[in-house]
Amino acid sequence: ADDMLIQAGVKHIVFCLYRFGGEIESHFGDGLRWGVDFDYVLQREAWGSAGALKWAAEALPGGITETCIVLPADALIMLDI
C-alpha cells in the first residue's frame, strides 16, 4: 500500500502500530529514502481503524479536518487514488 500512496503523490504517511511497532519503525525509519515523511503512532492496545485514527489525529497535518485515507495493514488492496 505504501508504494501505491507514494506513486499517488502522498507525502505524509502515519502508521498506527500495535504489535512489533518499535521493530517496524526501526526498519522503515523516517521515510526519506522514499521521499515521504513517515510518522508512527504506537498503540498500547489494539484500537482498530477508528481508534487508530483518533490516536493519529495529532500526527496528521491539520488534524482530521483535512482529507485522509485510512488503510488496513493486514489486507492487500489496490486503489486508484
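A nonpolar core is a set of buried Ala, Val, Leu, Ile, Met, Phe, Trp, Tyr and Cys residues joined through side-chain atoms within 4.5 Å. Keep that in mind as we look around this protein, which is a predicted model.

**The overall layout**

Let's start with the fold. The protein has 3 helices and 2 strands, and reading along the sequence gives you the pattern α-β-α-β-α. The two strands sit side by side: strand 1 (residues 12-17) pairs with strand 2 (residues 37-42) in the parallel sense, over 6 bridges. To get from strand 1 to strand 2, the chain passes through helix 2 (residues 21-28), and this β-α-β crossover is right-handed. If you want a spot to begin tracing the pairing, try His-12, which stands opposite Asp-37 in strand 2.

A few totals help too. Of the 81 residues, 22% count as buried. The exposed surface comes to about 6,100 Å², with carbon and sulfur atoms supplying 55% of it. And if you take the contacts between residues at least 6 apart in sequence, 52% of them join residues at least 24 apart.

**The core**

Which residues make up the largest nonpolar core? There are 7 of them: Leu-5, Ile-13, Phe-15, Leu-17, Val-36, Phe-38 and Tyr-40. Strand 1 and strand 2 are the elements that give two or more residues to this core, and strand 1 gives the most, with 3 residues. There's a general habit behind this kind of grouping: in soluble globular proteins, nonpolar side chains tend to be buried together.

Leu-5 is a nice core member to follow. Leaving aside neighbours within four places in sequence, Leu-5 is in contact with Val-10, Ile-13, Ile-69, Leu-71 and Ile-81.

**Rings meeting rings**

The structure holds 5 aromatic pairs. Here are two of them, side by side.

| Pair | Centre to centre | Angle between planes | Type |
|---|---|---|---|
| Phe-15 and Phe-38 | 5.0 Å | 90° | edge-to-face |
| Phe-38 and Tyr-40 | 6.5 Å | 85° | edge-to-face |

The pair of Phe-15 and Phe-38 links distant parts of the chain: Phe-15 is in strand 1 and Phe-38 in strand 2, 23 residues apart. Why does Phe-15 count as buried? Its relative accessibility is 18%, and the cut-off for buried is under 20%. Phe-38 comes out at 5% relative accessibility, so Phe-38 counts as buried too. Tyr-40 is buried as well, just like Phe-38. Zoom out a little and you'll find one aromatic cluster formed by Phe-15, Phe-28, Trp-34, Phe-38 and Tyr-40.

**The loop after strand 1**

Now hop to the loop between strand 1 and helix 2, where you'll find Tyr-18 and Phe-20. Is Phe-20 buried or exposed? At 59% relative accessibility, Phe-20 counts as exposed. Its backbone is worth a look too, as Phe-20 has a positive phi of about 60° although it is not a glycine.

Tyr-18 counts as partly exposed, because its relative accessibility is 39%. Once you set aside neighbours within four places in sequence, Tyr-18 is in contact with Gln-43, Arg-44, Glu-45 and Ala-46. Trp-47 is 29 residues away from Tyr-18 in sequence, yet their C-alpha atoms are 8.5 Å apart in space.

Note on methods. Residues are numbered from 1 along each chain as its sequence is written. This is a predicted model: local features need pLDDT of at least 70, side-chain atom pairs count only at pLDDT 80 or more; totals for chains, interfaces and linings use all residues. Side-chain values use heavy atoms; hydrogens and water are left out. Two strands pair if DSSP finds at least two bridges between them. Helices (H or I, at least four residues) and strands (E, at least two) are DSSP runs, numbered from the N terminus. A crossover is right-handed if, with the strands pointing away from the viewer, the path from the first strand over the helix to the second runs clockwise. Buried means under 20% relative accessible area, exposed over 50%, partly exposed in between (1.4 Å probe, protein chains only). Contact means heavy atoms within 4.5 Å. Accessible areas come from the Shrake-Rupley method with a 1.4 Å probe; for residues, only the protein chains shown count as cover. Rings of Phe, Tyr and Trp (its six-membered ring) pair if their centres lie within 6.5 Å; planes under 30 degrees apart count as stacked, over 60 as edge-to-face and the rest as tilted.
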